[in-house]
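Dear colleague,

Please find below the structure that I am handing over to you. My notes on what was found in it follow directly after.

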Amino acid sequence: MIDNNLNFYKICFDNSREGILVTDLLGKIILVNKRVESIFGYKEHELVNENVNLLLPKSIRNKLKLANNHNISYQEINIDQRNLYGIHKDGHKVPVIIGLNTFELNGQTYVKAFISDITNYKKKEQLFRKLNVNLEQEVKTKNEELKVINKQLKEANKILIIEIQNKIIAEKKVKSALEKEKELTNMKSNFLTLASHEFRTPLSGIMTSATLIDKYAQNNSVEKIEKHVDQIKAMVHHLNRILYDFLTLEQLNNNEFKLNNTNLNPFELINSIIVDIKSLLKKEQKIKYIVFNSNKEISCDKKILIAVITNLLYNAIKYSHDNSLIELSSKIRNKKLIISIKDNGIGIPKNDQKHIFERFFRARNALEIQGTGVGLNIIKGYVDNMGGSIKFKSIENIGTTFTVNLPIKSTIKIEHYEKEGVTY
Ligand SMILES: Nc1ncnc2c1ncn2[C@@H]1O[C@H](COP(=O)(O)OP(=O)(O)O)[C@@H](O)[C@H]1O
Ligand SMILES: [Mg+2]
């Protein structure tokens with residue numbers, strides 16, 4: 001009966017694409033189909049009645065044995081299907097997938113195995129793996145190359161950024177040079193307009209005095225002639241100063257300004273400035289010079305000192321009335337020469353005070369009086385350059401006091417020469 005059934009199954013499954021193998025519970029092979037023959041290289045008669053272990057690697061044999069001993073069903077055996085293989089007649093390993101189950105027939109338990117030969121699949125898998133490895137290697141190499149390129153790009157980028165920054169700086173420089181040039185041209189034309197306006201009055205004054213001198217010469221009026229000669233001198237002084245301001249502005253703009261220190265006695269210098277400027281004093285106007293430490297010599301730039309004091313003194317005269325007093329004081333304290341010039345003149349309106357050192361700026365209440373608005377700007381430039389300071393206090397219609405602080409290199413004591421409160 002069994003034989004008949006086995007024959008029946010054998011005929012049914014001989015052509016199956018899977019190998020089919022049946023054993024009893026002890027592993028004795030009962031039946032194999034044709035595919036089993038081709039998978040393992042044995043003829044049917046070489047397998048039937050042999051133990052299935054003939055076809056199995058040791059690891060599986062052990063597992064099956066264990067299952068048998070412990071009465072565990074074949075489905076429950078944990079066989080790693082990924083690396084499963086059978087043993088071919090010639091000894092080589094045949095990669096397979098095996099499906100196991102048991103069935104009962106006539107009170108007997110049999111084990112049925114479906115075996116798929118996956119040699120081709122494994123070969124392909126290996127090929128894929130190899131391709132994969134190659135691919136990974138290639139990706140890795142490409143990655144490395146990309147990293148290098150990336151680094152080079154970053155470097156190039158850095159250089160580019162620096163180049164762009166340099167270009168921007170250069171452009172800015174050109175722009176600021178152009179602006180400076182433009183400003184200078186504007187300034188020159190502004191100044192020329194103002195200066196030519198400023199020149200007109202003293203020139204016509206000189207002309208008048210010269211004509212009068214001619215007239216007085218005929219009458220031999222020496223005193224009057226002297227007065228007009230003084231006036232001509234003062235006008236020429238004034239013109240000179242305007243020209244000097246113009247040249248100074250140019251120097252300050254071109255950064256050509258250099259200090260030239262010499263030893264001098266500030267008291268003597270200020271006295272000579274007052275004597276020079278006296279002819280510009282208005283009717284009954286007076287300058288009182290209060291001096292401290294007149295016995296000291298200092299190291300300072302003489303031309304600049306003259307320019308600073310003359311400008312301030314001339315403003316004090318110009319912006320105050322007849323019959324007024326201008327007080328000038330000088331002292332040396334803590335390595336500083338401190339000069340202050342106080343007048344009781346028109347003062348500087350509060351709103352205009354913050355602009356007073358700006359080039360060409362003239363306060364609202366000074367517009368009727370001649371001027372260029374350059375003097376204070378120049379002396380501020382000088383004083384700043386020397387590391388000093390210039391400040392002022394002013395109340396409109398009451399008066400103005402300018403105070404200049406100049407650092408001095410050294411002070412040398414000379415013979416005692418104290419003179420206080422000289423009035424000119
Ligand atoms: N002692 C002063 N009293 C009143 N205003 C003054 C005095 N000094 C300067 N100022 C104001 O400051 C302005 C700028 O002075 P400055 O630069 O010397 O130019 P300028 O005297 O040619 O106008 C003057 O126009 C005037 O308005
Ligand atoms: Mg002035």
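In this predicted model, 21 residues surround ligand 1. The closest of them are Ala363, Ala366, Gly371, Gly375 and Leu376. Two elements each give two or more residues to this shell, namely helix 8 (302-318) and helix 9 (375-385). By character, the shell around ligand 1 consists of nine nonpolar, 10 polar and two charged residues.

The two helices named above also pack against each other. The axes of helix 8 and helix 9 lie 10 Å apart, at an angle of about 145°, and the crossing is left-handed. On the side of helix 8, the residues that meet helix 9 are Ile304, Ala307, Val308, Asn311 and Asn315. Their counterparts in helix 9 are Gly375, Ile379, Tyr382 and Val383. This contact between helix 8 and helix 9 comprises six nonpolar and three polar residues, with no charged residue. You will notice that Gly375 appears twice in this account: it is among the closest residues to ligand 1, and it also takes part in the contact with helix 8.

Helix 8 has a further partner in helix 7 (residues 266-277), and the axes of these two helices come within 10 Å and cross at roughly 45°. Helix 7 is therefore oblique to helix 8. The crossing of this pair is right-handed. Helix 7 contributes Leu269, Ile270, Ile273 and Ile277 to the contact. From helix 8 come Lys302, Leu305, Ile306, Ile309, Thr310, Leu313 and Tyr314. Nine residues of the contact of helix 7 with helix 8 are nonpolar, one is polar and one is charged.

I turn now to the strands. Five of them form an open sheet in the order 2-1-5-4-3, with antiparallel pairing. Strand 2 (29-32) and strand 3 (85-87) are the edge strands, each pairing on one side only. From one strand to the next, the twist averages 40°.

Within this sheet, strand 1 (residues 19-24) pairs with strand 5 (residues 108-117) in the antiparallel sense, over six bridges. In this pairing, Gly19 stands opposite Ile115 of strand 5. Strand 1 also runs antiparallel to strand 2, to which it is joined by three bridges. Here Thr23 is placed opposite Ile29 of strand 2. Strand 1 and strand 2 form a hairpin with four residues between the strands, and in this hairpin Gly27 takes a positive phi near 95°.

When you open the model, I would suggest beginning with ligand 1 and the two helices that give two or more residues to its shell, helix 8 and helix 9. The contact of helix 7 with helix 8 and the five-stranded sheet may then be viewed in turn.

With kind regards

Note on methods. Residues numbered from 1 in each chain as written. Chains lettered and ligands numbered in written order. Predicted model: local features only at pLDDT ≥ 70, side-chain atom pairs only at ≥ 80, totals over all residues. Near = placed C-beta within 6 Å. Nonpolar A, V, L, I, M, F, W, Y, C, P; charged D, E, K, R; others polar. Axes fitted to C-alpha atoms, helices over the stretch in contact; angles between N-to-C directions. Parallel < 35°, antiparallel > 145°, perpendicular 65-115°, else oblique. Left-handed = near helix turned anticlockwise from the far one by under 90°. Contact = placed C-beta atoms within 7 Å. Pairing = 2+ DSSP bridges.
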